[in-house]
Amino acid sequence: MTEIFLASFLLGILAGVAAGLFGIGGGALIVPVLVWVFQAQRFDPEQIMLIAVATSLATAIFTSLASVRTHHKLGNIDWHRAKHLAPSMLLGAVGGAVLAEYISADSLRWFFVAYLIYTSAQMAIPKPNKASSHPAKFSLDYPMGLLIGVLSAILGIGGGTMTVPYLVSNGLPMKNAVATSSTCAIPIALAAATSYAVLGWQDNHLPVGSFGYLYLPAFAGIVLTSIFTAPLGAKLAHSLPAQKLKRYFAIVLLALALKMAW
């Protein structure tokens, strides 16, 4: 348990910096690294992905809150749009957590590998982030929010890699889309993490230190550092060649995908 806490403590530093520097949630790093840590500790192979995903989502609640506080001070959040998306995202996140319990561990692993490859490609070959000139279609918020919530809960992420492109294509400037996406990550992470905690409550085969499918030592280690390093990453983004670094990080994500696939 101590080894997992210390490993998660270091992981939180990296995940927080990456989240602030590249504008993506820490789940892309947290989930695969936790999978390897849990494998080394001989956790039940059929439960490892669920525990890693659930723990990642629980940490996203706190990192998203820290991010939203900063974005709110800057006045970048479109609260009307966030409130419009939140209910369907919350519902989708609950459904995604329930669905994940019925998906085999191997299928979950391959699903996450596909997500890492997709995210890596998005970062390596960025598209112009120009807001659409077409009027916003609020009617799409409900089905898109539901879909993003389901996928985010299964993958253990806050949904930013899906929410930001959707909002930009729907008329929001990039900085407002990123800020609003951070806000939307809170109901997704809260609903999904709570659902995973409840779903695993009666499972007597989970490792000591579990709260449902949430593994508390890993959760504590990540949160203690990521909430401080995420703002640091955001500051570094203004002084470092972010686009070049994104390409390097894309290689890291691709390596993580290949490692998980192997």
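The exercises below, each with a worked solution, concern a predicted model of one protein chain.

**Exercise 1. Describe the make-up of the chain and decide how compact it is.**

Step 1. Count the elements: the chain has 10 helices and 2 strands.

Step 2. Put them in sequence order. The pattern reads α-α-α-α-α-α-α-α-β-β-α-α.

Step 3. Compare the radius of gyration with the globule rule. The chain has a radius of gyration of 17 Å, and the rule gives 18 Å for 262 residues; the two values are close, so the chain is as compact as a globular protein of that length.

Step 4. Add the outer dimensions. Along the principal axes, the C-alpha atoms fill a box of roughly 55 × 40 × 35 Å.

**Exercise 2. Describe burial, contacts, surface and charge for the chain as a whole.**

Step 1. Take burial: 49% of the 262 residues count as buried.

Step 2. Take the contacts between residues at least 6 apart in sequence. Of these, 80% join residues at least 24 apart.

Step 3. Take the surface. The accessible area is about 12,500 Å², and carbon and sulfur atoms account for 69% of it.

Step 4. Take the charges. There are 15 positive and 8 negative side chains, and 21 Å separates the centres of the two sets.

**Exercise 3. Classify the ring pairs that involve Phe-43, and state which parts of the chain the pair with Tyr-215 ties together.**

Step 1. Start from the total: the whole structure contains 8 aromatic pairs.

Step 2. Examine Phe-38 and Phe-43. Their ring centres are 4.8 Å apart and their planes meet at 15°; stacked pairs have planes under 30 degrees apart, so this pair is stacked.

Step 3. Examine Phe-43 and Tyr-215. Here the centres are 5.3 Å apart and the angle between the planes is 75°. An angle over 60 counts as edge-to-face, and this is the class of the pair.

Step 4. Locate the two partners. Phe-43 is in the loop between helix 2 (27–40) and helix 3 (45–74), while Tyr-215 is in strand 2 (residues 214–215), so their pair ties together parts that are 172 residues apart in sequence.

Step 5. Check burial, for which the cut-off is under 20% relative accessible area. Phe-38 has 0% and is buried. Phe-43 is buried at 11%, and Tyr-215 is buried at 3%.

Step 6. Combine the pairs: Phe-38, Phe-43 and Tyr-215 are linked by ring pairs into a cluster.

**Exercise 4. Is Arg-42 buried or exposed, and what is its phi?**

Step 1. Find the residue. Arg-42 sits in the loop between helix 2 and helix 3.

Step 2. Apply the cut-off for exposed residues, which is over 50%. Arg-42 has a relative accessible area of 76%, so it is exposed.

Step 3. Read the backbone angle. The phi of Arg-42 is positive, at about 65°, although the residue is not a glycine.

**Exercise 5. Find the surroundings of Val-35 and Ser-195, leaving aside neighbours within four places in sequence.**

Step 1. Place Val-35: it belongs to helix 2 and is buried, with a relative accessible area of 5%.

Step 2. List the contacts of Val-35 beyond those neighbours. They are Ile-48, Met-49, Ala-52 and Met-260.

Step 3. Note one C-alpha distance. Val-35 and Leu-50 are 15 residues apart along the chain, and their C-alpha atoms are separated by 9.4 Å.

Step 4. Place Ser-195: it lies in helix 8 (residues 174–199) and counts as buried at 11% relative accessibility.

Step 5. List the contacts of Ser-195 beyond those neighbours. They are Val-94 and Ala-97.

Key
Residues are numbered from 1 along each chain as its sequence is written. This is a predicted model: local features need pLDDT of at least 70, side-chain atom pairs count only at pLDDT 80 or more; totals for chains, interfaces and linings use all residues. Side-chain values use heavy atoms; hydrogens and water are left out. Helices (H or I, at least four residues) and strands (E, at least two) are DSSP runs, numbered from the N terminus. The radius of gyration is taken over C-alpha atoms; the globule rule is 2.2 Å times the number of residues to the power 0.38. Buried means under 20% relative accessible area, exposed over 50%, partly exposed in between (1.4 Å probe, protein chains only). Contact means heavy atoms within 4.5 Å. Accessible areas come from the Shrake-Rupley method with a 1.4 Å probe; for residues, only the protein chains shown count as cover. Lys and Arg count as positive and Asp and Glu as negative; His and the chain ends are not counted. The place of a charge is taken as NZ of Lys, CZ of Arg, CG of Asp or CD of Glu. Rings of Phe, Tyr and Trp (its six-membered ring) pair if their centres lie within 6.5 Å; planes under 30 degrees apart count as stacked, over 60 as edge-to-face and the rest as tilted.
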